[in-house]
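Student: Please take a close look at one part of this model, the salt bridges, and then set that part in its surroundings.

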Amino acid sequence: MFLRLKELIYMRETGVAYIFWCACLLGVCGVQRFYCGKYVSGIIYLFTVGLLGIGQLVDLALIPGMVEEKNLKYKLLHGSPNANMTNNQSVVINLGEQVASFMSSAQATTNQKSDIQIILQLAKDNGGSVSTADCVLATGKPVIEVKKTLTSMCTDGLLEVYNRPDTGAIVYRII
């Protein structure tokens, strides 16, 4: 119960960020950026009146992404009680030549790679980052299923969500 209460306190909500955005109508700009953990740009907005109002208008579209990024960072740092954490442990016992025959039969049954392995290999080959479209093409799975896999990989600490600075596209990077 304590973890759930702590999560409710520290998780950000989009509606609250939009309410803080409305503070610009009273002459105080950038409050929504402080709320989303963007302290440097919050100070800049505060002293430049939201980049002369243009930044405030752009933030109307950026607020959901900023809130999601802040919440994802919190979940990655502190874990989420709702996340399905699986810890598969294995023990290898060296029995000499018997291991070699067992390994060859085990490799024959596990030649197919999982979606997670395919996505991680694709990210490695693409300089550490992949888009959702890249993953759909590589796995051949539907977009909804790939997004679920990417979300679980972020929750498990394998990937992080990132926006490309030049295009603003959402990509996933290997942590």
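Tutor: The salt bridges come first, and the other local features follow.

This is a predicted model, where local features need pLDDT of at least 70, side-chain atom pairs count only at pLDDT 80 or more, and totals for chains, interfaces and linings use all residues. Residues are numbered from 1 along each chain as its sequence is written, and side-chain values use heavy atoms, with hydrogens and water left out.

Confidence sets the frame. The score is pLDDT, the predictor's confidence in each residue, from 0 to 100. The protein chain averages 82, and 77% of the residues score at least 70. Helix 7 (residues 97-109) has the lowest confidence, at a mean of 51. Helix 4 (residues 39-47) has the highest, at 95. Element names follow DSSP runs: helices are H or I with at least four residues, strands are E with at least two, and both are numbered from the N terminus.

Now the salt bridges. The rule asks for a side-chain nitrogen of Lys or Arg within 4 Å of a carboxyl oxygen of Asp or Glu. By that rule there are six salt bridges. One of them joins Lys-38 to Glu-69, with the closest N and O atoms 3.3 Å apart. This pair links distant parts of the chain, 31 residues apart. Lys-38 sits in the loop between helix 3 (31-35) and helix 4, while Glu-69 belongs to helix 6 (residues 54-78).

Glu-69 has a second partner in Lys-73: here the closest N and O atoms are 3.2 Å apart. Lys-73 and Glu-69 are four residues apart in helix 6, so about one helical turn separates them. Lys-38, Glu-69 and Lys-73 thus appear as a linked network of salt bridges.

How covered are these side chains? The scale is relative accessible area: buried is under 20%, exposed over 50%, and partly exposed in between (1.4 Å probe, protein chains only). Lys-38 is partly exposed at 23%. Glu-69 is partly exposed at 31%. Lys-73 is partly exposed at 48%.

Another salt bridge brings together Lys-141 and Asp-115, at 2.9 Å from N to O. This pair also links distant parts of the chain, 26 residues apart. Lys-141 lies in the loop between helix 9 (132-139) and helix 10 (143-155). Asp-115 is in helix 8 (residues 115-125). Lys-141 is partly exposed at 28%, whereas Asp-115 is buried at 18%.

Next, the nonpolar surface. Val-28, Ile-43, Leu-46 and Phe-47 form a nonpolar patch, with about 390 Å² of accessible area together. Patch members have over 30% relative accessible area and no salt bridge; nonpolar side chains (Val, Leu, Ile, Met, Phe, Trp, Tyr) are joined within 5 Å, like charges within 9 Å. The areas come from the Shrake-Rupley method with a 1.4 Å probe, and for residues only the protein chains shown count as cover. Phe-47 is in helix 4. At 67% relative accessibility, Phe-47 is exposed.

Helix 5 (residues 49-52) holds Val-49 and Leu-52. The backbone is worth checking there. Most residues other than glycine have a negative phi. Val-49 has a positive phi near 55°. Leu-52 also has a positive phi, near 60°, and is exposed at 76%.

Now the cysteines. A disulfide is a pair of cysteine sulfur atoms within 2.5 Å. The search of the whole structure finds zero disulfides. Why does Cys-22 form no bond with Cys-24? Cys-24 holds the closest cysteine sulfur, but the gap is 6.8 Å, too far for a bond. For Cys-29 the closest cysteine sulfur is also in Cys-24, at 5.0 Å, again too far for a bond. Cys-22 is partly exposed at 37%, while Cys-29 is buried at 4%.

Last, the hairpin. Strand 2 (residues 159-163) and strand 3 (residues 170-174) pair in the antiparallel sense over five bridges. Pairing requires that DSSP finds at least two bridges between the strands. Asn-163 stands opposite Ile-170 in strand 3. Six residues lie between the strands, and Gly-168 in this hairpin takes a positive phi near 80°.
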